[in-house]
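Below are some numbered remarks on the chain you sent. They cover surface exposure, charged pairs, strand pairing and one nonpolar patch.

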Amino acid sequence: SDPDAPPSPLGYGGWDISGFENPASCASAGAAGVPTYTFWNNEFELPEHFKANVGYETLIGNRTQVSVDLLFSQSNNLYTVRNLNLRPHQFTLAGEDGRRIFSPESSFDPTGANSTGSRRNLEFGDVLVNFNDGRARSFNVAVEGYHQLTDAVNFQGSYTYTRAWDNSNYSCCTASGGYSDPTNGVFGPNEIGEVGDTERSWGRSDYSRDHTFILAGFAELPWDIKLSGIWRSQSGRPYTVVGDDDLNGDGLTGNDRLFIFEPSNLPLASSGDAALEERELYQSILKDNPCVGDHQGGIIDRNTCRFPWQHQLDLRLARTFRVTGDQRFELQVDFFNVLNGFGRAFCDEKGKTTDQLTSGICGLGRITGVYGSNRELLEPRGFDSATGQILYQVNDSFGEEELLGDNLVLQFQAQIGLRYFF
């Protein structure tokens, strides 16, 4: 047998319930590192969801229909994760609203994960426990209308307003992902807070889109050609402004919400002319991004900034051909994200280099967002123990938009289909 294979799980059902018989290493000494464990809280419960809605629908004449719907949703007992091996906070940063730091001051390094300094017991890695104190709440208002212009032409449209909040967006897939999901403010990752506790992790949901407009239509054209289309415009998803690396020394990186300093008070690692340039850059970022600048003097809330609006148009042309009796076939031509194809077709080479990602003819149909390091306004460069301050560098790429991957669904596409009825 392979000496590096893990211990056999045979007889697992007879092992001691305490877990002391669980293997902590591979069969030989070939494995390195410390073990990580995941447990379930003894009082863990299944999620609960409550939904209530009220609607009104009416006919105006015999060709127009209008409806209004109100929906409220509340979810309790959602999955959350805590780390029992995270030590209590060791000190606080007075200059950042009292941010709690979970590594000793003598070893705290905000420029990298403080994986060792933040542990209670160095013989273990994370000791994760699944809890169910996740909460979510949303309100939706939807207005929809339908009008039949003629027997051959009809259209319908809708507008949906949504507000959604939660204290964790964790839905998949590992316990470590659930532990690192909430963004931290003053408090650490083991304190996500209840409904309305914005000092901890309560805030706008990552999936909350405030506004969605949809317009769809159908028309019978000459030569028995049928045209249908749907236009969708929706406001962008929110995102949270964070700092790079590990600002609170809990061993997790990229999930600490920033304290938004006034430009004159920003503790910089640079000095002289370089520091002056950075302060000017920082000031311009705050001015150009009110979703950040409006929060000066405190740790920023979750999801205050947003991706740009998205617009998409899909079209279909179809014609039916009779064969014999009741048999027929339908030829369909579908166009997806027509705006993207239109923008690419009419965007010249000069425009491709000067046009913004989402503006002008070149930006039509593009789906963009702010990802990765572009959400990190400040990058830590060290910790000054004499002043008790993290020294920062301003990220000059903050807020820059990028295309959402190379997914074909997001690009202009055309397809031809044939359906046979018999």
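1. A residue counts as exposed when its relative accessible area is over 50%, as buried when that area is under 20%, and as partly exposed in between. Asp151 has a relative accessible area of 69%, and is therefore exposed. The coordinates belong to a predicted model.

2. The partner of Asp151 in a salt bridge is Arg63, with an N to O distance of 3.8 Å between the side chains. The two come from distant parts of the chain, 88 residues apart: Arg63 sits in the loop between β2 and β3, and Asp151 in the loop between β6 and β7 (153-166). Arg63 is partly exposed, because its relative accessibility is 33%.

3. The search of the whole structure gives 14 salt bridges. One of them joins Asp210 and Arg204, at 2.4 Å from N to O. Both of these residues are buried. As background, side chains of opposite charge can pair when their charged atoms come close.

4. Asp206 and Arg302 form another salt bridge, and their closest N and O atoms are 3.9 Å apart. Asp206 belongs to the loop between β8 (203-204) and β9 (211-221), while Arg302 belongs to the loop between α3 (290-293) and β14 (305-306), so this pair ties together parts 96 residues apart in sequence. Arg302 is buried, since its relative accessible area is 6%. Elsewhere, Arg100, Glu191, Asp197 and Arg200 are joined into one network by salt bridges that share partners.

5. Which strands does β15 pair with? Strand β10 (residues 225-234) runs antiparallel to β15 (residues 310-324), and 10 bridges join the two; within this pairing, Ser233 has His311 as its bridge partner. β15 also pairs with β16 (residues 327-336), in the antiparallel sense, over nine bridges. Here Leu317 is matched with Val333 of β16. The β15 and β16 strands form a hairpin with two residues between them, and Gly325 in the turn has a positive phi of about 60°.

6. A separate point concerns an open sheet of four strands, with order β13-β12-β18-β19 and mixed pairing. Its edge strands, β13 (256-257) and β19 (389-394), each pair on one side only. Strands β12 (residues 242-243) and β18 (residues 376-384) pair in the parallel sense over two bridges, and the bridge partner of Gly243 in β18 is Leu378. Helix α2 (residues 272-288) lies across β18 and β19, at about 80° to β19.

7. Is Ser373 buried, partly exposed or exposed? Ser373 is placed in the loop between β17 (368-369) and β18. Its relative accessibility is 41%, so Ser373 counts as partly exposed. The C-alpha atoms of Ser373 and Phe102 are separated by 23 Å, with their positions 271 residues apart along the chain.

8. Lastly, the nonpolar surface patch. Val54, Tyr56, Val68, Leu70, Val141 and Val143 make up this patch, which is about 490 Å². Strands β2 (48-60), β3 (64-83) and β6 (127-148) each supply at least two of the patch residues. Leu70 is in strand β3. With a relative accessible area of 40%, Leu70 is partly exposed, and patch membership requires over 30%.

Technical notes
Residues numbered from 1 in each chain as written. Predicted model: local features only at pLDDT ≥ 70, side-chain atom pairs only at ≥ 80, totals over all residues. Heavy atoms only, no water. Pairing = 2+ DSSP bridges. Patch = residues over 30% accessible without salt bridge, like charges linked within 9 Å, V, L, I, M, F, W, Y side chains within 5 Å. Areas by Shrake-Rupley, 256 points an atom, 1.4 Å probe, with all protein chains shown as cover. Salt bridge = Lys/Arg side-chain N within 4 Å of Asp/Glu carboxyl O. Buried < 20%, exposed > 50% of the residue type's maximum accessible area, 1.4 Å probe, protein only. Contact = heavy atoms within 4.5 Å. Axes fitted to C-alpha atoms, helices over the stretch in contact; angles between N-to-C directions.
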